[in-house]
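User: Hey, can you walk me through this one? I'd like to go piece by piece.

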Amino acid sequence: MKTSTPRLGFSFGRLWTIGRNTMTEVIRQKFFYILLVFGLVVIASSRFFAQFSSVEQIKFIKDFSLAAMTVFGALIAMVGTAELLPLELENRTIYPILAKPVHRTEFLLGKFAGMAMLLLLTILLMSLIFEGLLLSTEHQLLASAAASASAPGAEVSAQEIADQILHQTRDPALLKAIFLIGIKALIVCAISLLISTFATSVIFNVISSVIIYICGHLEAGARQASLGDQSPIVRGLMLVVAFFVPDLSAFNLADAVVLGQHIPLRLVANTAAYGIFYAAIALALAILIFQEKEI
Amino acid sequence: MHAIATRSLTKHFRSTWRRRVVGLDHLNFAVRENEVYGLLGPNGSGKSTTLKLILGLYQPSEGEADIFGMSVERTVSRTSVGYLPENPYFYRYLTGAETVRFFGRLCGMRGRRLEEKVSELLALVGLEAHRDRRLAGYSKGMLQRIGLAQALVHEPRLLLLDEPTAGVDPIGSIEIRDLILKLRGMGKTILLCSHLLDQVQDVCDRIGILHYGKMILEGDVKGLLARKDQFQFTCEGLDDPARARVREAIRAAGGRLISEGNPATTLEHLFLQSVRSADRGKAAPSGATRPVDLPTAERP
Ligand SMILES: Nc1ncnc2c1ncn2[C@@H]1O[C@H](COP(=O)(O)OP(=O)(O)O)[C@@H](O)[C@H]1O
Ligand SMILES: [Mg+2]
């Protein structure tokens, strides 16, 4: 009878069916709107906080907006991802799905893909607002610079000021910074998904993610500080933390961008690879746990 | 080859205080192809657990199960089975059509073929009129029917239905029973869990009764229910003297009359008749969401 054993390969079609549905699901939640709108408002408001000289004003907008994108990206990733699996289990919507010829891996990665896509779209939207803000500020500053420089007795030429302004606004390093903000949000998303495969409480998940997030930012500084410390306990501890917690400060290019430093593409690529590697490990662990999970 | 076969299928749950709860206890049973098998039993007897083990949603503590000869540990075994969960919940923000489409996509269908399947299934379960309404506004009966539609989307040979009429009013429940009969007519193999016994009696070929996770009785419905030593007539148009002559004839033939009287109609029958004649009077009760055409099926 059994001439050939049928197989069911991994399917990106099924994965993306789950992913698209996940996007719809999260977009419909209140927290998402609130965080998104709040994030956009915060970015837009940097225009009104800034009352500095021309170039300083642009630096402030950049610093402020990149920080806002980082924080709101991470917040949406934490809250949104933490709820994905608990909601499916609580509402029992997962049963008819896994009763279909769908691999659990496809389901879990689909959930991740949907959330990841939403995060990238969110960051894209915030970037557009940010870019619009930069361009309008640039326009205004160029006009006023031209006016003041053409006044008799000006110390710097209009051209010089304009160059300074354009150097700040048309900086390709901005794209690199935003790219790494996106990668960082994906790491947070993967870690939160991993936690949700074994923790049932959403609150516990969010708190854990926040702690890991903060540790991830303090890690590099702590390592620096403990460099002189010869105590094996401290060094061992640092190693353990470095193993479990990704060095998230590496993804922060805002300082370099504001200072107008050159950011080598190589550095960006390496950091991104480090982040993707970390997220992949977290996802692999999540899949291992979810395969065995009693749903 | 059996549609379903289980060998020593066992499931323990760990509850609070580390007490072990037996969900299913060394179950051996088989469902043949093209039969409707009723799995009965009181609440907590292990019916839903059995279905979830067969679907690989739970891992067995012991034993194993096959679908059409293939181990349920393999995801691919799910290509030939459709599942209607107990009290089904789907995404509330999707419409009826979107729900069936979603599950169709999960089964690898797309394009024209998928759209045709969606319309066909919505028609089969009688939800075309509600295809673009969100499930958040569906009644329990409508959720059960959309659940049936999604269970059928990949044309499985086997259906597992967990309490398909739980919480559904009598009319909706008869509609679902008729649907099951229709599916049986289409040649599907069906494993039906229920604790509503008279429903099962109408639909099933064979039944098994679970109690505390053990199969305590199994067999053919007709064989189990018929009392072969007794026989029943139901007559019309006999007056008193004629009845007396019948009693006399029974006695003369050596029989013993056990009971007589007016047969009671079932409450369900009475309910359906009243609702139908009330509907015939006016178009539809105000505010009613149910379509006016009620099922025409009567109890056999
Ligand atoms: N996920 C679970 N965790 C713990 N106990 C469970 C779980 N599922 C079922 N049980 C227990 O297993 C037994 C059988 O349950 P179930 O199969 O749902 O019964 P039925 O469907 O026949 O009403 C019950 O005692 C129930 O409490
Ligand atoms: Mg049950």
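**Chat notes on the model**

Analyst: Sure. Let's begin with chain B: among its contacts between residues at least 6 apart in sequence, 67% join residues at least 24 apart. Keep in mind that this is a predicted model.

User: OK, how many helices and strands does chain B have?

Analyst: Chain B has nine helices and ten strands. Its C-alpha trace spans about 70 × 50 × 40 Å along the principal axes.

User: And what percentage of chain B is buried?

Analyst: Of the 300 residues in chain B, 46% are buried.

User: Cool. What about the magnesium ion, which protein atoms are its donors?

Analyst: For the magnesium ion (ligand 2), the protein donors are the OG of S48(B) and two OE atoms of E86(B), at 2.0 to 2.7 Å. Those two residues are 38 apart in the chain: S48(B) sits in helix α1 (residues 47–54) of chain B, while E86(B) is in the loop between β6 (81–84) and α2 (96–106).

User: Why does S48(B) count as buried?

Analyst: Because its relative accessible area is 16%, and buried means under 20%.

User: And why is E86(B) only called partly exposed?

Analyst: E86(B) has 29% relative accessibility, so it falls in the range between under 20% (buried) and over 50% (exposed).

User: Back to that helix with S48(B). How many residues of α1(B) are buried?

Analyst: Eight of its eight residues are buried, so the helix is mostly covered. Among them are K47(B), T49(B), L51(B) and I54(B). Just after α1(B) comes G56(B), which has a positive phi of about 70 degrees.

User: Switching topic: how many residues are in contact between chain A and chain B?

Analyst: On the chain A side 32 residues are in contact with 36 residues of chain B. The area buried between the two chains is about 2,900 Å², with carbon and sulfur atoms giving 61% of it.

User: Which side chains meet in a salt bridge there?

Analyst: K11(B) and E294(A) do, at 2.4 Å from N to O. The count between chain A and chain B is one salt bridge. There are also eight residue pairs in polar contact, both residues at pLDDT 80 or more.

User: Which helix of chain A gives the largest share of the side that touches chain B?

Analyst: That's α1(A), with seven residues.

User: And by class, what is that side of chain A made of?

Analyst: The side of chain A that touches chain B has twelve nonpolar, eight polar and twelve charged residues.

Notes: Residues are numbered from 1 along each chain as its sequence is written. Chains are lettered from A and ligands numbered from 1 in the order in which they are written. Side-chain values use heavy atoms; hydrogens and water are left out. Contact means heavy atoms within 4.5 Å. Buried area is the accessible area (1.4 Å probe) that two parts lose on being put together, summed over both. A salt bridge is a side-chain nitrogen of Lys or Arg within 4 Å of a carboxyl oxygen of Asp or Glu. A polar contact is a pair of N or O atoms within 3.5 Å; within protein, one must be able to donate a hydrogen and the other to accept it, and residues adjacent in sequence count only if both atoms are side-chain atoms. Helices (H or I, at least four residues) and strands (E, at least two) are DSSP runs, numbered from the N terminus. Ala, Val, Leu, Ile, Met, Phe, Trp, Tyr, Cys and Pro count as nonpolar, Asp, Glu, Lys and Arg as charged, and the others, Gly among them, as polar. Donors are N, O and S atoms within 2.8 Å of the metal (3.2 Å for Na, K and Ca); water is not among the atoms, so sites may look incomplete. Buried means under 20% relative accessible area, exposed over 50%, partly exposed in between (1.4 Å probe, protein chains only).
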